[in-house]
Amino acid sequence: MKKTKWWGLLAAGMMTLALAACGGNESAGSKSSGSNSGSSASNYPTKPITIVAPSGAGGGWDLTARAIVKVLDETGLVKQTMTVENKPGGGGAVFMAEYATQDVKNDYKLFVNSPPIIINNLKKEGNSPFGYKDTTPLAQLTKDFGAIVVKADSKFQTLTDLLNAIKQNPKSVTIAGGSAPGSMDHLVAILPIYKSGIDPKSVKYVSYDGGGEAMAALLGGNADVIATDASSVGEYLKAGKVRVLAVSAPERLGGVLKDMPTMKELGVDAEFTIWRGVFGPKEMSSEAKAFWEETLKKLSEHEKWKEELQKQGWEAEYRNSEEFTKFLQEQEQQVGDLLKSLGMHK
């Protein structure tokens with residue numbers, strides 16, 4: 001009996017050890033699929049990363065992409081080599097056609113963009129069949145706003161003066177912008193007009209190849225008013241060359257623009273955010289998405305990034321992937337309404 005009892009205890013002990021070993025293996029297995037595992041997927045990134053600016057060198061997308069890469073490298077938030085690649089053409093539409101069809105699962109190619117990713121997808125002329133829904137929005141990092149600008153000696157002292165003149169004779173006012181009809185500057189220009197009940201199609205809009213050329217047209221007397229990025233007018237404002245009639249921000253901006261009124265405070269229920277954000281491929285892996293969500297959040301909070309924002313004159317506005325996607329849906333509705341008012345919706 002004693003021998004039988006001893007064998008029984010030994011067998012029970014061995015079974016307990018076996019179960020413990022199984023449990024340990026299972027636990028190790030579950031850990032191996034987590035973010036700190038030795039697998040290539042969980043160790044993302046394991047090779048160089050490209051961030052695309054879908055424009056030429058020197059533009060807003062290019063500067064944003066280079067600032068992101070610079071700070072991620074300096075802070076050590078990304079250990080792998082990162083490079084910026086310029087892919088100009090069609091206001092980003094050429095790159096999107098390639099990216100949405102050839103890089104659907106490429107975790108190692110990201111890109112920066114702004115409202116044109118929505119506008120190009122919705123407008124009738126020169127449109128792109130691809131938009132933000134063909135990507136994985138990862139984070140919004142900066143914000144800017146539109147500005148309605150006239151020469152310092154313009155007869156239009158206020159936004160109300162301008163809107164009244166347009167109501168009386170739409171063709172008497174020449175509005176200019178640095179982007180094509182139906183593009184961002186045009187939408188910023190017609191936003192207060194549309195919200196004031198004036199037919200935007202009746203307004204004369206002249207497009208130039210970039211905000212700098214539009215500003216030159218204004219200062220040279222070839223345009224009565226321009227719509228542009230608020231961040232681009234500071235130097236002209238300080239030099240006393242222009243007056244800002246309104247900005248499309250929800251509240252007054254700081255710095256040199258602190259005394260410039262918003263459209264809302266002037267009685268026009270309108271605002272428009274010119275954001276810049278980072279996108280990945282539509283079928284991005286969960287590991288890569290998690291890495292970039294965490295990394296871009298850390299970037300947004302880092303002092304070196306804040307220094308870069310100040311240097312570039314950009315305003316911070318961080319939205320994570322979920323918040324950014326929801327915001328894009330809201331802006332898509334707004335852009336769609338504006339394009340329809342112009343008869344330019346596809």
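1. Let us start with strand 4 (135-151) and strand 7 (225-229). These two strands pair in the antiparallel sense over four bridges, with Val149 standing opposite Ile226 in strand 7. Here strands (E, at least two residues) and helices (H or I, at least four residues) are DSSP runs, numbered from the N terminus. Two strands pair if DSSP finds at least two bridges between them.

2. A word on the model before going on. This is a predicted model, in which local features need pLDDT of at least 70 and side-chain atom pairs count only at pLDDT 80 or more, while totals for chains, interfaces and linings use all residues. Residues are numbered from 1 along each chain as its sequence is written, and side-chain values use heavy atoms, with hydrogens and water left out.

3. Strand 4 has other partners too. Strand 9 (273-281) pairs with strand 4 in the antiparallel sense over nine bridges, and Ala139 stands opposite Val278 there. Five bridges join strand 4 to strand 8 (residues 242-247), again antiparallel; in that pairing Val150 faces Arg243. With strand 10 (residues 315-319), strand 4 forms three antiparallel bridges, and Gln140 stands opposite Arg319.

4. How enclosed is strand 4 by the rest of the structure? Of its 17 residues, 15 are buried, so strand 4 is largely enclosed. Buried means under 20% relative accessible area, exposed over 50%, and partly exposed in between (1.4 Å probe, protein chains only).

5. Strand 5 (residues 174-177) is worth a look as well. Thr174 and Ala176 are buried on one side, and Ile175 and Gly177 are buried on the other, so to speak of its faces, both are covered. As background, side chains in a regular strand alternate between the two faces of the sheet. Strand 5 runs parallel to strand 6 (residues 204-207), and four bridges join them; the bridge partner of Ile175 is Tyr205.

6. Ile175 also turns up in the lining of the largest cavity, which holds about 60 Å³ of space. A cavity is a set of points, on a 1 Å grid over the protein atoms alone, where a 1.4 Å probe fits but cannot get out; lining residues have an atom within 4 Å of a point. Grid points are joined across faces, edges and corners, and a volume is the space filled by probe spheres set on the points. The count comes to two cavities of 30 Å³ or more.

7. Which residues line the largest cavity? They are Ile148, Leu159, Leu162, Leu163, Ile166, Ile175, Ala189, Pro192, Ile193, Val225, Ile226 and Ala227. Helix 5 (159-168), helix 6 (184-195) and strand 7 each give two or more residues to this lining, and helix 5 gives the most, with four. By class there are 12 nonpolar residues, no polar and no charged. Ala, Val, Leu, Ile, Met, Phe, Trp, Tyr, Cys and Pro count as nonpolar, Asp, Glu, Lys and Arg as charged, and the others, Gly among them, as polar.

8. The second largest cavity has a volume of about 40 Å³. Its lining has five nonpolar, six polar and no charged residues, including Ala93, Met96, Asn113 and Ser128. Helix 3 (93-102) and helix 4 (116-122) each supply at least two of the lining residues; helix 4 gives the most, with three.

9. Helix 3 deserves its own point. Ala93, Phe95, Met96, Tyr99 and Ala100 are buried in this helix. Seen down the axis, these residues fall within an arc of 145° (taken from the directions from the helix axis to the C-beta atoms), so they line one face of helix 3. Their cover includes strand 1 (49-53), strand 3 (109-113), helix 4, strand 4 and strand 9.

10. Two single residues to find on screen. Thr295, in helix 9 (residues 286-301), is buried with a relative accessible area of 5%. Setting aside neighbours within four places in sequence, Thr295 is in contact (heavy atoms within 4.5 Å) with Leu72, Leu77 and Val78. Pro45 lies in the loop between helix 1 (2-32) and strand 1, and the peptide bond from Tyr44 to Pro45 is cis, with omega near 0°. Most peptide bonds are trans.

11. Finally, the whole protein. Its secondary structure comes to 11 helices and 10 strands, and buried residues make up 47% of its 346 residues.

How values were computed
1 Å grid on protein atoms, 1.4 Å probe; cavity = no way out; pocket = protein on both sides within 12 Å on 5 of 7 lines; lining within 4 Å.
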